[in-house]
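I sat down with this one to see what a helix, a couple of pockets and the cores look like up close. Notes below, in the order I looked.

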Amino acid sequence: MRYEKQPGNASIGYYRQNSFNERKNNEPLRVLTEEDWEHWQNKGYIHLREVVPKDYIERMVERICEFEEKDPYDPSTWYKPPRKEIEMKELINSGMVEMYNNPYMWDIRQHPKIYDVFVDIWGTEKLWVSIDRCNLNFPVRKDEFKGFIHWDIDTSDPNRNNNAQGVLSLSDTTSETGGFQCVPELFKVFDEWVKTQPEDRDPFKPDVTGFEVEQIETKAGDRLIWNSMLAHGIRPNRSKVPRIAQYIAMTPAQEDHEELRQWRIKSWRDRFPPEGYAFPGDPRNWEQVKYGRAELTDLGEKLLGLKNW
């Protein structure tokens, strides 16, 4: 279950070759438009507007700020030292919030519209949701965080699995506030580009020289989903307000992987983070001692693996 010195969230695992929806017979889509579908195929990401209700957003923002003991309107509370150092150096000062199983997070994960988008992408209803965290990214001081572009999968592996990642904006983002950035042109020409790269290239960090890095602006409640082969990352916040988000992804359920299924159930039940050097966890254990266990709907139980599809 543990990732050693590479990115990736093992809560959904990468143990099986999964195929994205090919729509060979032009099957209808639940949420995506044909324009969305074409964008997904050609640029490697989708931007959906107002996916989650406003009250879900507001209470999630309040919970994140409470958990972090920071007031989004009081800069004197923003720049406290981390409770525990993160080993993945590029994420230092990037605003990662070590909360994974809060009830409000699960309310969003099991929202039907969040789920339906991934049904469109994968072409199956049988999905598991990632157990991931949030982001509270304050304006940078000097150059303490310069942003980054990376991949979360090993792009040198010819047998790499397909995967889709996603983030839900909990605040409005502009070019100044930081947020998601990506390189769609590299996604489109990757197979040719990689032939021009040195054999010892870093398969997780591309050289994007000559490519345009797109900065995606969103409103609170918007949803971004991207193919893991899309080089992406976070840009620095150079505004005067925080950027807030929740990471959510889904992949085809692996109900025959009993070890992973039991780990996921235990993570939800006992409220602990994924394993790996990118996930330091909260040394206060607030998820265990301050907040209760999330109540799951029938859909939520299946997305977790508590029930089979």
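**Helix α6 and its surroundings**

I began with what the buried residues of α6 pack against: they sit against α3 (103-109), β3 (127-129) and α8 (298-304). Worth keeping in mind throughout: this is a predicted model.

Next I asked which residues of α6 are the buried ones. I got L260, R261, W263, R264, I265, S267 and W268. Two arginines and a serine are on that list, next to the tryptophans, the leucine and the isoleucine. For my own reference, residues three or four places apart on an α-helix point the same way, because there are 3.6 residues a turn.

Then I checked the length of α6. Its 13 residues (258-270) should span 18 Å at 1.5 Å a residue, and the end C-alpha atoms are 18 Å apart, so the two agree. I also looked just past the end of α6, where R271 takes a positive phi of about 65°.

**Pockets**

How much space lies in the largest pocket? I noted about 660 Å³. It has 31 lining residues, and the closest to the pocket centre are K70, K80, P82, G95 and M96. Looking for the elements behind the lining, I found that α2 (54-68) and β4 (134-137) each supply at least two residues. By class, the lining of the largest pocket divides into 15 nonpolar, 5 polar and 11 charged residues.

The second largest pocket has a volume of about 280 Å³. I wrote down its lining in full: E58, V61, E62, C65, P72, Y73, L170, S171, D172, V241, P242 and I244. Here α2 turns up again, giving the largest share of the lining with 4 residues. The class count for this second lining is 8 nonpolar, 1 polar and 3 charged.

**Cores**

Which residues touch the most other members of the largest nonpolar core? Out of 54 residues in that core, I found I64 and I121. Helix α4 (residues 112-122) gives the most to this core, with 7 residues. I also logged a second, separate core of 26 residues, with Y45, M96, F187 and I216 among them. M96 I had already met as one of the residues closest to the centre of the largest pocket.

Last, I pulled the contacts of I64, skipping neighbours within four places in sequence. I64 is in contact with V97, M99, C134, L136, L170, I244 and A245. L170 and I244 were familiar, since I had listed both in the lining of the second largest pocket.

How values were computed. Residues are numbered from 1 along each chain as its sequence is written. This is a predicted model: local features need pLDDT of at least 70, side-chain atom pairs count only at pLDDT 80 or more; totals for chains, interfaces and linings use all residues. Side-chain values use heavy atoms; hydrogens and water are left out. The expected span of a helix is 1.5 Å times one less than its number of residues. Buried means under 20% relative accessible area, exposed over 50%, partly exposed in between (1.4 Å probe, protein chains only). Contact means heavy atoms within 4.5 Å. On a 1 Å grid over the protein atoms alone, a cavity is a set of points where a 1.4 Å probe fits but cannot get out, and a pocket is an open set with protein on both sides within 12 Å along at least five of seven lines; lining residues have an atom within 4 Å of a point. Grid points are joined across faces, edges and corners, and a volume is the space filled by probe spheres set on the points. Ala, Val, Leu, Ile, Met, Phe, Trp, Tyr, Cys and Pro count as nonpolar, Asp, Glu, Lys and Arg as charged, and the others, Gly among them, as polar. A nonpolar core is a set of buried Ala, Val, Leu, Ile, Met, Phe, Trp, Tyr and Cys residues joined through side-chain atoms within 4.5 Å.
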